[in-house]
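Here is a short walk through one protein model, written for someone who would rather be at the bench. Have the 3D view open and follow along.

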Amino acid sequence: MKSDNKMAKFLSPNAIHTTGREAFLQINALVEQIHQRGDGKITQNEMMIAVEKYGLKVSERVVKNMFMVIGDGNTIAKDDFSAILRHKAAQHPNYTLKEILRFAVGTGRRMSLELARTAKRIRENISLGAKGLDGLDGIESVIGGVCSGTDEQLTYNDYLKVFVQMDLHFPPEQLRALFKDLDEDNDGKIAVDDFADILKNQAAQYPHLSVSEIVEKTVLKYDRQGLTPLLAPPGRGARTRTRHFRRASKILSGWLDQRPSVDDIGEKVL
């Protein structure tokens, strides 16, 4: 597991045409280039200059509307706009940085800003080593925010975006294996609420572990040859859940209890 927070300080020559992780890491540098005054707030004039510079083909009316919705009408906090871009980049990893910028300017919404702020807070919690449920505050919004459909079900691509939002990276084969195990009915989807509850349950059961440790152990450190089903963490109270969620919660609890060592994992690989 790796959390790579090395955002670029300077915009690379072809940054506007990059996609995926490369585009994600160029966002702060792009915002710094848009923002000229140094007071932490982007003005409408600065944004219109960027619209013209990068050929976004967005009208002044649309820009004004964005400033009304997510700003004070005249300015937008630089950090807020950066968070929105990162949120959009995580939602659309195949978009170029130019497309992400155009999309953010053209579809700026209060909800997008709130989701972006929540994702940013969780990334900061991970970076600072926050532990327990407090570190995962708002995870339901982040998971729901990447859901591409209206059925509150995560596709595999949606599921991957959750890890992008948290800025945590794992081997693709491990992520695929976890998703497959949680997709009990093999329909290629897992419920938003189920995935959020799984993470929160583990954080409640292991409050001494940091958010990154909880997620890492969930994804990587378990014995696929012998999953031990355990009860959900105490203190939750009786709730009627789907059979899918009960199985997933028990599986993940079992993974964390087994917690094989690095040597154990190495032996299994060999």
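Leaving aside its neighbours within four places in sequence, which residues is Leu101 in contact with? Leu101 touches Leu30, Ile34, Tyr54, Leu56, Phe81 and Leu85. Please keep in mind that this is a predicted model.

**The two cores**

Leu101 is a good place to start, as Leu101, Phe81 and Leu85 are the residues with the most contacts inside the largest nonpolar core, a set of 36 residues. Helices H1, H2, H3, H4, H5 and H6 (110–128) each contribute at least two residues to this core. H1 gives the largest share, with seven residues. There is also a second, separate core of 32 residues, which includes Leu136, Phe170, Phe179 and Leu182.

**Helix H2 and its surroundings**

Next, have a look at H2, which spans residues 44–53. Its buried residues are Gln44, Glu46, Met47, Met48, Ala50 and Val51. These buried residues pack against four helices and a strand: helix H1 (20–34), strand E1 (41–43), helix H3 (60–70), helix H4 (78–91) and helix H5 (97–106). After H2 comes Gly55, which has a positive phi, near 60 degrees.

**Where H3 meets H5**

Two of those partners of H2 also meet each other. How do H3 and H5 cross? Their axes come within 8 Å, at an angle of roughly 70 degrees. An angle of 65 to 115 degrees counts as roughly perpendicular, so that is the description that fits H3 and H5. On the H3 side the contact is made by Val62, Val63 and Met66, and on the H5 side by Ala104, Val105 and Gly106. Sorted by type, the residues of this contact are five nonpolar, one polar and no charged.

**Three residues to click on**

Is Asp167 buried or exposed? Asp167 has a relative accessibility of 1%, and buried means under 20%, so Asp167 counts as buried. Asn186 is at 63%, and exposed means over 50%, so Asn186 is exposed. Arg21 falls between those two cut-offs at 27% and is therefore partly exposed.

| Residue | Place | Relative accessible area |
|---|---|---|
| Arg21 | helix H1 | 27%, partly exposed |
| Asp167 | loop between H9 (156–166) and H10 (172–182) | 1%, buried |
| Asn186 | loop between H10 and strand E4 (190–191) | 63%, exposed |

The two loop residues also deserve a look at their backbone. Most residues other than glycine have a negative phi. Asp167, however, has a positive phi, near 60 degrees. Asn186 likewise has a positive phi, near 60 degrees.

Arg21 offers something else to check in the viewer. Along the sequence Arg21 and Pro93 are 72 residues apart, yet from C-alpha to C-alpha they are 7.6 Å apart in space.

**The whole protein**

Now zoom out. How many helices and strands does the protein have? Its secondary structure comes to 14 helices and four strands. Of its 270 residues, 49% count as buried. Among contacts between residues at least 6 apart in sequence, 69% join residues at least 24 apart. The accessible surface comes to about 13600 Å², and carbon and sulfur atoms account for 50% of that.

How values were computed. Residues numbered from 1 in each chain as written. Predicted model: local features only at pLDDT ≥ 70, side-chain atom pairs only at ≥ 80, totals over all residues. Heavy atoms only, no water. Buried < 20%, exposed > 50% of the residue type's maximum accessible area, 1.4 Å probe, protein only. Contact = heavy atoms within 4.5 Å. Areas by Shrake-Rupley, 256 points an atom, 1.4 Å probe, with all protein chains shown as cover. Axes fitted to C-alpha atoms, helices over the stretch in contact; angles between N-to-C directions. Parallel < 35°, antiparallel > 145°, perpendicular 65-115°, else oblique. Nonpolar A, V, L, I, M, F, W, Y, C, P; charged D, E, K, R; others polar. Core = buried A, V, L, I, M, F, W, Y, C linked by side-chain atoms within 4.5 Å.
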